[in-house]
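Open your viewer, get comfortable, and let's take a short walk together. At each stop you will get something to select and a note on what is there.

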Amino acid sequence: MTTSISPLIAGNWKMNGLRGALDEISTLAGLLTTGESPRALVVICPPATILSEVCQLGATSGILAGGQDCHSQAAGAHTGDISASMLADAGAQYVIVGHSERRADHGETDALVRAKAEQAIGAGLKPIICVGETEAQRDSGQAESVVAEQLTGSVPDAAGVHEVIIAYEPIWAIGTGRTPTIDDITRMHASIRQQLVSRFPETGMSIRILYGGSLKPQNAREILSVDNVNGGLVGGASLLAKDFYTIISAV
Ligand code: PEP
């Protein structure tokens, strides 16, 4: 992990979590306040239906909250969608944009992801912009070029002056229990860093790059200590407070 950047561990609950799951937030809050103080910022991105409760429950223990998506426009006739300012109004400080599940399920393009990130910044949120290659793209040696293209298209120019977070999530590692080798993670994160520094010479060194994809209590310590890995985006293992806390403690 690059030490000058304070690490961040974000949990993506996806479409999981009824009100009963708020017990996990209380448990996590208890672990964070009674155990050793965490060396990472802790963010939970729950379903929007319980976002404001997560904000309230997490406040005293430093748990921050984020949305899982926002619309690319500020307001209007978009039934069922949620705007960045609605998330901010509910207490969120972060929002995931361009997750591979949204890119796949909803046909989200880099241009749309960039517009969402711009909306997020405009509403005072920090966008967590996801990029990552498919298994076929990795097997054919295209992983770095695919991710570079996604970064170019998805990261707004405003990232030079506003806080954004990049999450590298190889699609084939999400929810599968498989992860890239440490060498592959090292190479990819170095390549992302290089691209950020070349586009944002002033701030590129300080943009957080998270790793996501089957990050678990068992592999967290090794993956989170890789150079240019400034934290993690955690799906399945963020649903249980104990597992998530173990990952946070691995920082
Ligand atoms: C994710 O979907 O962002 C993710 C990283 O999922 P998992 O940890 O379950 O692989």
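How many Å separate an oxygen atom of the ligand from an N or O atom in the side chain of Lys14? Select both: the answer is 2.5 Å, which fits a polar contact (here, a pair of N or O atoms within 3.5 Å).

Before moving on, note that this is a predicted model, where local features need pLDDT of at least 70, side-chain atom pairs count only at pLDDT 80 or more, and totals for chains, interfaces and linings use all residues. Residues are numbered from 1 along each chain as its sequence is written, and side-chain values use heavy atoms, with hydrogens and water left out.

Next, pick His99: an N or O atom in its side chain is 2.8 Å from a ligand oxygen. Then click Ser214, where a polar backbone atom lies 2.8 Å from an oxygen of the ligand. The protein buries 97% of the 290 Å² that the ligand exposes when taken alone (areas by the Shrake-Rupley method with a 1.4 Å probe).

Now show everything with a heavy atom within 4 Å of the ligand. You should find 14 residues, and Glu169 and Gly175 are among the closest.

Leave the ligand and select Lys126 with Tyr94. The charged end of Lys126 sits over the Tyr94 ring, 5.1 Å from its centre (the cut-offs are NZ of Lys or CZ of Arg within 6 Å of the ring centre and within 35 degrees of the ring normal).

Finally, zoom out to the whole protein chain. Its C-alpha trace spans about 45 × 45 × 35 Å along the principal axes.

Terms used
A polar contact is a pair of N or O atoms within 3.5 Å; within protein, one must be able to donate a hydrogen and the other to accept it, and residues adjacent in sequence count only if both atoms are side-chain atoms.
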